[in-house]
Amino acid sequence: MLLNYNFRNYNYRLFLYVLLLNILGVLLIRSATNQDMAVVGKQMMGIAVGLVLVIGLSLFDYHRVLSFAPVIYGICIAGLIAVLVMGVSRGGATRWLVLPGVGQIQPSEFAKIGLIVFFSCFFSKNQEKINRPAVLALGAALYLLVFLLIYEQPDLSTDLVTMFVFLCMLFAAGISYRWILGGLAVVIPCSILFVYLLQYNMVPFLHEYQAKRILAFVNPSQYAEANLQQKNSIMAIGSGMLHGKGLNNNTLASVKNGNFLSEEQTDFIFAVIGEELGFIGALLILTLFALLIIRGYWIALHSTDRYGFLVAAGITTLLAIQVILNVAVVTNLVPCT
């Protein structure tokens with residue numbers, strides 16, 4: 001495998017974007033945690049393992065994964081069930097497993113990748129029958145099982161990400177516009193009805209804190225307390241102005257030292273980027289992500305088969321939607337989950 005690989009065709013540009021973003025990530029997490037080397041060390045270990053896997057998998061013929069797609073799906077389901085049976089709880093959610101010799105893992109993160117591999121195989125094998133109701137119903141049922149298992153943790157943000165990726169892969173697989181328009185004809189009025197019922201606490205599948213965050217986005221003046229973190233985040237970004245306050249600043253008014261945000265090193269890391277690196281730094285990081293995403297879709301469009309196209313499109317869409325949603329939440333463009 002390795003001896004037959006033509007390294008002149010290796011996508012060095014894509015690898016460079018990933019490497020630069022990881023280096024910036026370590027520097028920002030180091031600053032956001034006030035140089036907590038335990039957290040930084042964990043991040044660096046994750047990057048080291050990830051880069052080794054990236055290089056190894058990039059030299060591997062992805063067609064060999066095709067025959068294992070049902071097994072990968074089964075492992076994802078087993079991992080999500082294990083979380084509900086013997087998972088570790090934190091902050092009101094049960095999303096993690098502790099494995100001997102490995103430590104704490106989050107199976108839903110692996111499920112994101114597993115779903116892309118499985119549905120790339122499923123849609124490529126059913127390419128000619130993609131618009132048949134039976135095929136669409138089977139695909140929807142297989143996805144819905146994963147959706148419900150993640151919902152039970154609960155992890156609404158991961159569910160929304162996987163749903164968007166699944167729908168985008170369905171679009172890329174060549175679903176008819178009649179199905180798309182029909183779906184929109186149902187979703188749009190249901191969304192309006194959903195917001196209306198939410199105001200009267202008549203949506204049973206949402207937790208109270210989730211409902212308040214959505215209502216705070218629709219009516220910020222009435223639910224100001226639920227919107228507090230996003231307001232603080234916007235102020236932090238604005239305070240960085242053009243050039244930012246600099247990495248590792250320890251002023252009392254900074255977002256990380258003033259206890260304005262609860263998860264500035266993870267969910268609200270873009271607030272730290274805006275405050276410490278300013279508009280120029282934030283634009284640089286978003287540009288690197290944009291270049292990475294564009295390159296990913298370029299690879300998808302230049303794939304030689306449907307399976308490769310769907311895998312590349314799915315992985316790139318997963319990255320794109322997570323970047324977009326994270327920045328949108330931090331800047332109050334969408335509700336916080």
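1. A charge is said to sit over a ring if NZ of Lys or CZ of Arg is within 6 Å of the ring centre and within 35 degrees of the ring normal. In this predicted model, the charged end of Arg64 meets that description with respect to Phe60, lying 5.7 Å from the centre of its ring. Arg90 is placed over the face of Trp96, and here the distance to the ring centre is 4.2 Å.

2. Helix α4 covers residues 107-125. Its 19 residues, at 1.5 Å a residue, should span 27 Å, and the distance of 26 Å between its end C-alpha atoms agrees with this. The helix is mostly covered, since 15 of its 19 residues are buried.

3. The structure contains 2 salt bridges. One of them joins Lys112 to Glu109, with 3.0 Å between the closest N and O atoms. Both residues belong to helix α4, where they are 3 residues apart, or about one turn of the helix. The partners are not alike in exposure: Lys112 has a relative accessibility of 7% and therefore counts as buried, whereas Glu109, with a relative accessible area of 35%, is partly exposed.

4. A salt bridge is also formed by Glu275 and Lys245, whose closest N and O atoms are 3.2 Å apart. This pair links distant parts of the chain, as the two residues are 30 residues apart. Glu275 lies in helix α10 (residues 269-301), while Lys245 lies in the loop between α9 (228-239) and α10. Glu275 counts as buried because its relative accessibility is 1%; Lys245, at 35%, counts as partly exposed.

5. A pair of aromatic rings is described by the distance of the centres and the angle of the planes. The count for this structure comes to 13 aromatic pairs. In the pair of Phe171 and Tyr177, the ring centres are 6.3 Å apart and the planes stand at 80°, so the arrangement is edge-to-face; the cut-off for that class is an angle over 60 degrees. Phe171 has a relative accessibility of 47% and so counts as partly exposed. Tyr177, at 55%, counts as exposed, because the limit for that class is over 50%.

6. One aromatic cluster is formed by Tyr73, Phe118, Phe119, Phe122, Phe123, Tyr143, Phe147 and Phe166. Helix α4, which runs over residues 107-125, contributes Phe118, Phe119, Phe122 and Phe123 to this cluster. The helix that holds the salt bridge of Lys112 and Glu109 thus also takes part in the aromatic cluster.

Conventions. Residues are numbered from 1 along each chain as its sequence is written. This is a predicted model: local features need pLDDT of at least 70, side-chain atom pairs count only at pLDDT 80 or more; totals for chains, interfaces and linings use all residues. Side-chain values use heavy atoms; hydrogens and water are left out. Helices (H or I, at least four residues) and strands (E, at least two) are DSSP runs, numbered from the N terminus. The expected span of a helix is 1.5 Å times one less than its number of residues. Buried means under 20% relative accessible area, exposed over 50%, partly exposed in between (1.4 Å probe, protein chains only). A salt bridge is a side-chain nitrogen of Lys or Arg within 4 Å of a carboxyl oxygen of Asp or Glu. Rings of Phe, Tyr and Trp (its six-membered ring) pair if their centres lie within 6.5 Å; planes under 30 degrees apart count as stacked, over 60 as edge-to-face and the rest as tilted.
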